[in-house]
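Student: Hi! I've got a model open and would like to talk through how it is put together. Can we start with the strands?

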Amino acid sequence: ITLRMLPLYLEYTKVASTLESLKEQPGLTNQTKAQIIQIVTKRFGINDVDVKNVDPKKIKVSKESGVLKVSIEYERREHLIGNVDVIATFDKEVQVVAN
């Protein structure tokens, strides 16, 4: 089970670090939703996150009272044995304060 689950969690750590890196992006709070999604998608490519598994369309961007929230919620299914699959759900949100 561990051998099947490990790649899912390694991929999640890449997704999480990609979102965390947004905190260091200057002027991010001035970007449009489409621009932010494009930035995240490019960083997914750099971090070797497979967009077939983690769809950038699932990225949610919201702004309220000077705080930008970027989140993604997705699930991965991995075949285990016979007719048994493992489903893992992941959820990550970062908050970026306007500079």
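Tutor: Happy to! This is a predicted model. Let's begin with one pair: S62 has K69 of strand 2 as its bridge partner.

Student: And which residue of strand 2 is the bridge partner of V61?

Tutor: That is V70. These pairings belong with strand 1 (residues 59-64) and strand 2 (residues 67-81), which run antiparallel and are joined by six bridges.

Student: What sits in the turn between strand 1 and strand 2?

Tutor: The two strands make a hairpin with two residues between them. S65 is in that turn, and its phi is positive, about 45°.

Student: Back to K69 for a second. Which residue of strand 3 does K69 stand opposite?

Tutor: Q95 is the residue opposite K69 there. Strand 3 covers residues 84-97, and its antiparallel pairing with strand 2 extends over 14 bridges. That hairpin also has two residues between its strands, and G82 takes a positive phi near 55°.

Student: OK, so what is the strand order in the sheet?

Tutor: The order is 1-2-3, in an open sheet of three strands with antiparallel pairing. Strand 1 and strand 3 are the edge strands, each pairing on one side only. From one strand to the next, the twist averages 15°.

Student: Nice. Switching to helices: which strands does helix 1 lie across?

Tutor: Helix 1 lies across strand 2 and strand 3, at about 15° to strand 3. Helix 2, on the other hand, lies across strand 1 and strand 2, and runs at about 135° to strand 1.

Student: How do the axes of helix 1 and helix 2 cross?

Tutor: The axes of helix 1 (residues 2-20) and helix 2 (residues 33-46) come within 10 Å and cross at roughly 135°. The two helices are therefore oblique to each other. Their crossing is right-handed.

Student: Which residues make that contact?

Tutor: Helix 1 brings V15, T18 and L19, while helix 2 brings V40, R43 and F44. By type, that gives four nonpolar residues, one polar and one charged.

Student: Last one: where is V51, and is V51 buried or partly exposed?

Tutor: V51 is in the loop between helix 2 and strand 1. Its relative accessibility is 40%, so V51 counts as partly exposed.

Student: What does V51 touch, apart from neighbours within four places in sequence?

Tutor: V51 is in contact with F44 and P56. F44 is also one of the helix 2 residues in the contact with helix 1. As for T41, V51 is ten residues away in sequence and 8.1 Å away in space, C-alpha to C-alpha.

Definitions and conventions:
Residues numbered from 1 in each chain as written. Predicted model: local features only at pLDDT ≥ 70, side-chain atom pairs only at ≥ 80, totals over all residues. Heavy atoms only, no water. Axes fitted to C-alpha atoms, helices over the stretch in contact; angles between N-to-C directions. Helix = DSSP H or I, 4+ residues; strand = E, 2+ residues; numbered from the N terminus. Parallel < 35°, antiparallel > 145°, perpendicular 65-115°, else oblique. Left-handed = near helix turned anticlockwise from the far one by under 90°. Contact = heavy atoms within 4.5 Å. Nonpolar A, V, L, I, M, F, W, Y, C, P; charged D, E, K, R; others polar. Pairing = 2+ DSSP bridges. Buried < 20%, exposed > 50% of the residue type's maximum accessible area, 1.4 Å probe, protein only.
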